Amino acid sequence: MKIFNRLALPLCVSLGILSLTACQHMTPTLHTSTVMPQAVPAGTPQDELKLLSNIFEYTLDNGLQVVIKEDKRAPVVMTQMWYGVGANDEPVGKGGLSHFLEHLMFKDTPKVSGDEFSRLISHYGGHNNAYTSSDVTVYHEILPANRYALALELEANRMKNIQFKPEQIQSERQVVIEERRVRTDDNPMAKAWERFSSFVYGDTPRGRPIIGSMKDIHGLTMADLKHWYATWYVPNNATLVIVGDVDKDEALAHVKKYFGSIAKGRSVPVRDPSHFIHADDLHAGKGDVSERHITIKEAVQVPTLILAWQAPTLSGLKLTNRQTDANERELLALGLFNDVLSGGASGRFATNLVKKQLVSSAYSSYDSLGYGDGFFVVIATPKAGASLDETKRLVLDEIKRTMTDPIDQKELDRSVIAKKTALVFASESVSEQASLLGTLKNENIPYHKIQKELDILPNIDTDEIKHAGKKYLRDERMYSAYILPKDEKDEKDDK
């Protein structure tokens, strides 16, 4: 089981609009649901990417959205159940509800115990897991093609039949507490990152940890968990993705059999866009650069610099009615600006800072997916004996040179090739295909936009790339953090 952070350590590969940013019952008699097929738009270019072919969409009467992709190259099937709920939706003081419930979804139902669930998947040579993010909670199973219906039956069963036994709640509470202790409280960099996230996001849902604070985890009750389950774990808040060696009609028949009789739930609560959209300044009145800086002392081994600029995402454009071709093109240009800076060993950070031994490390990340606005993030560590002030100056100078100096065509070609290569590799894995399709579906991004943007990327010129950098990476939009090792005085103060 995993936790995916919204403002995560930027180790993912930017793909323009994609980032490639996991903790059995007797079959009831079900009625047949009418489905509404939703075809991929006619004329969509699909030749280059196998990822875009053989995709079929349906919506059951109870609101369950179904995405099926036939890929018969290997006799395996990945199933993923996406619920539209994550840490974004949790009330203050109830942090970690989504993640805690994710753990309990692997526990007993009247017909299948938690142990039996895992044994059944394992018995047929499969594996399963889940993860929670700010936006979604996702459960997934991969099985041989002749056994994938088992995953559908198990998922349908636990959509409505988790028992919430007191002893299992207490047992999993201790597991979550230990998970928080190991991953965050005993991890100095993770603790520092949590404090920085709270600093930049302020008093918004994104400013609170996905796993919850220790206080919140201890305070979550059975009533809280049952309410969360009843509110969000309904067919009309779920998307089922099936990718692999399946026949779409047979797969749909299985889906109708196991999910068709589950009643539609009440309309789920709607997120307040104002909590996630920050037009110019997340913190009202914080125009002074000094008010956008924080020094964090933790038991880290080396000092670290973090810089972050607010930047829009595709969903943020949509929420503010700014989703135009021009604005989407601007996000692609910002992604290319990121690639020029941090595109592997050939990026400018690596070439001009690291290889010249001016800094020990430097890399950047920008992701145009995710609910609401996001951040363009840079992380750097100083060379031995250098200060963070000097490291910050070097990094910012390199960013500003990229805004003004010529950008070589080879730099752009490298970026486009890297994006295409990443998508080709993704199309070879049923797991990555399912994750990609699920992400796009939950972000309400048409699948054909992948190819459309790949076609646009080579036509974005260097002036557009520089303009995007100048627009979004301005000093007045920047947040910064110095993460410093604790000294003896700090250690005493902690005690």
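The exercises below, each with a worked solution, concern a predicted model.

**Exercise 1. Helix α5 and Ser 197**

Compare the expected span of α5 with the distance between its end C-alpha atoms, and determine whether Ser 197 is buried or exposed.

*Solution.* Begin with the extent of the element: α5 covers residues 188–201, and Ser 197 lies within this helix. The 14 residues of α5, taken at 1.5 Å a residue, should span 20 Å, and because the end C-alpha atoms are 20 Å apart, the two values agree.

Next, consider accessibility. Since buried means under 20% relative accessible area, the value of 10% places Ser 197 among the buried residues. The buried residues of α5 are Ala 192, Trp 193, Phe 196, Ser 197, Phe 199, Val 200 and Tyr 201, and what covers them includes the strands β10 (293–298), β11 (304–311), β13 (374–382) and β14 (478–485).

Finally, look beyond the helix. Gly 202 follows α5 and has a positive phi, near 65 degrees, while Pro 209, which is 12 residues from Ser 197 along the chain, has its C-alpha atom 8.4 Å from that of Ser 197.

**Exercise 2. The surroundings of Thr 304**

Establish which residues Thr 304 is in contact with, leaving aside its neighbours within four places in sequence.

*Solution.* Thr 304 belongs to strand β11, and it counts as buried because its relative accessibility is 5%. With the neighbours within four places set aside, the contacts of Thr 304 are Met 189, Ile 379, Ala 380, Thr 381, Leu 388, Ala 481, Tyr 482 and Ile 483.

**Exercise 3. The nonpolar cores**

Work out where the largest nonpolar core lies with respect to domain 1 and domain 2.

*Solution.* The largest nonpolar core has 62 residues, of which Trp 309, Phe 376, Val 395 and Ile 399 touch the most other members. Helix α10 (residues 325–342) gives this core its largest share, namely 8 residues. Because domain 1 (50–271) and domain 2 (282–485) both contribute residues to the core, it lies between them.

Val 395 can then be taken as an example of a member: apart from its neighbours within four places in sequence, Val 395 is in contact with Leu 305, Leu 307, Phe 349, Leu 353, Val 378 and Ala 380. A second core, separate from this one, has 42 residues, including Leu 60, Met 81, Leu 97 and Met 159.

**Exercise 4. Strand β6 and its partners**

Identify the strands to which β6 is joined by bridges, and explain why β6 is described as largely enclosed.

*Solution.* Strand β6 covers residues 76–83, and since 7 of its 8 residues are buried, it is largely enclosed by the rest of the structure. One partner is strand β8 (residues 137–144), which runs antiparallel to β6 and is joined to it by 8 bridges; in this pairing, Met 81 stands opposite Tyr 139. Another partner is strand β9 (residues 238–244), also antiparallel to β6 and joined to it by 7 bridges, with Gln 80 standing opposite Val 241.

**Exercise 5. Salt bridges**

For the pairs Asp 71 and Arg 73, Arg 271 and Asp 89, and Arg 393 and Asp 397, state the N to O distance, and then place the residues by accessibility or by position in the chain.

*Solution.* The count for the model comes to 29 salt bridges. In the pair formed by Asp 71 and Arg 73, the N to O distance is 2.6 Å; Asp 71, at 8% relative accessibility, counts as buried, whereas Arg 73 is partly exposed, with a relative accessible area of 41%. Asp 71 and Arg 73 are also linked with Glu 428 in a network of salt bridges.

The side chains of Arg 271 and Asp 89 meet at 2.7 Å, N to O. Arg 271 lies in the loop between α8 (248–259) and β10, and Asp 89 in the loop between β6 and α1 (97–104), so this pair ties together parts that are 182 residues apart in sequence. Both Arg 271 and Asp 89 are buried.

In the pair of Arg 393 and Asp 397, the distance is 2.9 Å, N to O. Because these residues are 4 residues apart in helix α12 (residues 388–404), about one helical turn separates them. Arg 393 is partly exposed, with a relative accessible area of 40%, and Asp 397, at 29% relative accessibility, likewise counts as partly exposed.

Technical notes
Residues numbered from 1 in each chain as written. Predicted model: local features only at pLDDT ≥ 70, side-chain atom pairs only at ≥ 80, totals over all residues. Heavy atoms only, no water. Helix = DSSP H or I, 4+ residues; strand = E, 2+ residues; numbered from the N terminus. Buried < 20%, exposed > 50% of the residue type's maximum accessible area, 1.4 Å probe, protein only. Expected span 1.5 Å × (residues − 1). Contact = heavy atoms within 4.5 Å. Core = buried A, V, L, I, M, F, W, Y, C linked by side-chain atoms within 4.5 Å. Domains from an automatic or database assignment. Pairing = 2+ DSSP bridges. Salt bridge = Lys/Arg side-chain N within 4 Å of Asp/Glu carboxyl O.
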